[in-house]
Amino acid sequence: MNGLNPQQQAAVTHLGSPLLVLAGAGSGKTRVITQKIAWMIRKGVHSADQIAAITFTNKAAREMRERATQLLTKEEAKGLTVSTFHTLGLNIIKREAKRLGYKKNFSILDAQDSEAILKELAHKEDVEEADNLRWIISRWKNDFISVEQAALLANTTDEKLAAILYEKYQRQIKAYNAVDFDDLIVLPVQLFEQHPDALQYWQNKLRYLLVDEYQDTNACQYRLIRLLAGIRGALTAVGDDDQSIYAWRGARPENIAQLQQDYPMLKVVKLEQNYRSTSRILQSANKLIGNNPHLFEKNLWSTLGEGDPIRIMPCRTPEHEVEKVVSEILKARFRDRADFKDFAILYRGNHQSRLFEKALRENNIAYKISGGTSFFSRAEVKDILAYLRVIANPDDDAAFLRIINTPKREIGTSTLEKLGEYAHERKTSLLTAAQELGFAQRVSAKATQRIETFCFWLHEITRAAENADPASIVKQVINDISYEDWLKNTCNTPKQAESRMKNVWEIVEWIRKLHDDGAGKETLGDIIAHMSLVDMLERNSEEKEQDAVALMTLHAAKGLEFPSVFLVGVEEELLPHANSVDEHSIQEERRLAYVGITRAQKNLTISYAKTRSRYGEASTVEPSRFLEELPPEHLEWENKKTAITPEERQETARAYISNLQALLED
Ligand SMILES: Nc1ncnc2c1ncn2[C@@H]1O[C@H](COP(=O)(O)OP(=O)(O)OP(=O)(O)O)[C@@H](O)[C@H]1O
Ligand SMILES: [Mg+2]
């Protein structure tokens, strides 16, 4: 309990009725969760294996686990659940797979898999495909809107298309013995609502729930929490309505009010001291968010001193912006001996990272990037994982289709179409159908032979996988299919092939590590499930902390803090985003800006470019309207006209050289 203020203490020790901690950024909400976990365990209220703390991203979950376990001995922390909603859902489904109508080793489809299936279905149905069909269906699923209801509800053209594909999609993925990301939450809720004994089991197992970033729960996640917390209401939820930034994905900040309705006994604790930022940063954030309607007024204050003003850096072009940011980082590094990991560069959209990455690389500045193109959406990674998925789950048709001609096996489209028809008639998976005599009679002898060879190989390796360790199996796959040669033949440059192969070896390495971590108990199926849920870039932070500049979107930055933050591209049409200019969306964009500003502990620099190319053409852009909403007395504008001065350039060059020297000395 040391190092907690009275309100935090009250939140930590409150038991007996559900608790909501509603407070602004940096006020120690996450700290309340980690301390409460430790307090409950120490006081013997609950043992670690009866407690579950839930949050949204793997990165946040990992940080929370670290913070909590630091307060405990290894023995005390044993069995503690700190996970994302999705991982919790996965564990529930795994235990109850049979009852939910799934076979063991079901596959988890990622967004791209889902999209590919929908595309295929749209093609078959001869309806136009639209990018947002998946979103529409996903929203329905999360709102428990059934196929029948969806058909009635559908209004727009896209919704009507989505309604047609919804049922087919559901049937299809079930036939694949696969669940999609939405199912990971939806299925546990359905299970609990239909099977009281299953609910009882999990209520018994998880006696106390703590939920971070509660304002971002969607309808389905809220139902899951309610079910698990049950009438006991053994729940602590912490959140900040001003940081709700996932409405576009179905998050419902109304869940805050809902909690009060559902639990009349709800105790609400508010925290007002901010421990993160100097007061100029804090006051600027408060002023900005003051333009949004509020659930309640927050009066955040900090004792960390006034601090430096917020620097506003106008730049001519995006390239100029990048140059200035990089030069600022280098200067701080050598003038103030700052670590690279003290800096974060935050932006609205993933595409904004590219120029920064390039410049950081050129200057030998270590960086790590969260979000963005994930490791798992790379073709080579998906290929290898698809092989493993089929080995673990022979019903995974989506994966089967991915691998059957990768590398090329000269199995034609018409053969595959016939295979699809035959499997459909026989109501079996593609792999099973491919091995049946009935199918062989429908295609040429040559096609049969090619398919047989492939199936025979699959059969052999699947058998081998039952006893061998997963890393050796994946190595054998790579070898047997001559994947490296295939990459060399299909990539544009040898360098590209090489870098892809590097990613492939990383999978092998990672599988080996997972297997070792799990003391060899993890099966191939477990490992694939794990990999489907973890993002490569988040995996980077699993390893020991590197001294690297953090690059990420504002969405990914939630919950984190850095001594120095660069908020870049603060322009109209970027922040607020071009698609978000109606009143409702503007409020969410403002909350995003608020999240960005409140990540900074000591230094905050906001930059914007005056021209930016759009669709290949440079056009003039306006600084963001949010800049005008910040208190002028706390801002320090750089001379709007000056480019980098010759002195500045020299200083940067000097810093660059020292940086190189330091690297060489290492
Ligand atoms: N009572 C305290 N004494 C000292 N430091 C504290 C205290 N409470 C919180 N902190 C520190 O303040 C910082 C912010 O805390 P924390 O991340 O828990 O805030 P939060 O409310 O979860 O923020 P966010 O809304 O951004 O998620 C952390 O570095 C934390 O260790
Ligand atoms: Mg937090």
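In the predicted model, helix α3 (residues 58-70) lies across strands β2 (51-55) and β3. The helix runs at about 165 degrees to β3. A second helix, α1 (residues 6-13), lies across β1 and β8 and makes an angle of about 150 degrees with β8.

The strands crossed by these helices belong to an open sheet of six strands, ordered β3-β2-β6-β7-β1-β8, with parallel pairing. Its edges are formed by β3 (81-84) and β8 (267-271), each of which pairs on one side only. On average, and with direction ignored, neighbouring strands of the sheet are turned by 15 degrees against each other.

Within this sheet, β1 (residues 19-23) runs parallel to β7 (residues 235-239), and four bridges join the two strands. L19 of β1 has T236 as its bridge partner in β7. Strand β1 is also joined to β8, again in parallel, by five bridges. Here A23 is partnered by L271 of β8. Strand β1 is largely enclosed by the rest of the structure, because five of its five residues are buried. The side chains of the strand are divided between two directions: L19, V21 and A23 point one way, whereas L20 and L22 point the other way. The residues on either side are all buried.

At the level of the whole protein chain, four domains are assigned. Domain 1 comprises residues 6-93 and 185-271, and domain 2 covers 107-176. Domain 3 is likewise made of two segments, 301-366 and 546-637, while domain 4 spans 376-540. The centres of domain 2 and domain 3, taken over C-alpha atoms, are separated by 37 Å.

Ligand 1 is surrounded by 19 residues, of which G28, K29, T30, R31 and Y275 are the closest. Domain 1 (6-93 + 185-271) and domain 3 (301-366 + 546-637) each supply at least three residues to this shell. Among the contributing elements, helix α2 (residues 29-42) gives the most, with three residues. By residue class, the shell around ligand 1 consists of 10 polar, five charged and four nonpolar residues.

Terms used:
Residues are numbered from 1 along each chain as its sequence is written. Chains are lettered from A and ligands numbered from 1 in the order in which they are written. This is a predicted model: local features need pLDDT of at least 70, side-chain atom pairs count only at pLDDT 80 or more; totals for chains, interfaces and linings use all residues. Domain bounds come from an automatic or database domain assignment. Two strands pair if DSSP finds at least two bridges between them. Axes are lines fitted to C-alpha atoms, for helices over the stretch in contact, and angles run from 0 to 180 degrees between N-to-C directions. Two residues are in contact if their C-beta atoms, placed from the backbone, lie within 7 Å. A residue is near a molecule or strand if its C-beta atom, placed from the backbone, lies within 6 Å of it. Ala, Val, Leu, Ile, Met, Phe, Trp, Tyr, Cys and Pro count as nonpolar, Asp, Glu, Lys and Arg as charged, and the others, Gly among them, as polar. A residue is buried if 20 or more other C-beta atoms lie within 10 Å of its own, exposed if 12 or fewer, and partly exposed in between; C-beta atoms are placed from the backbone.
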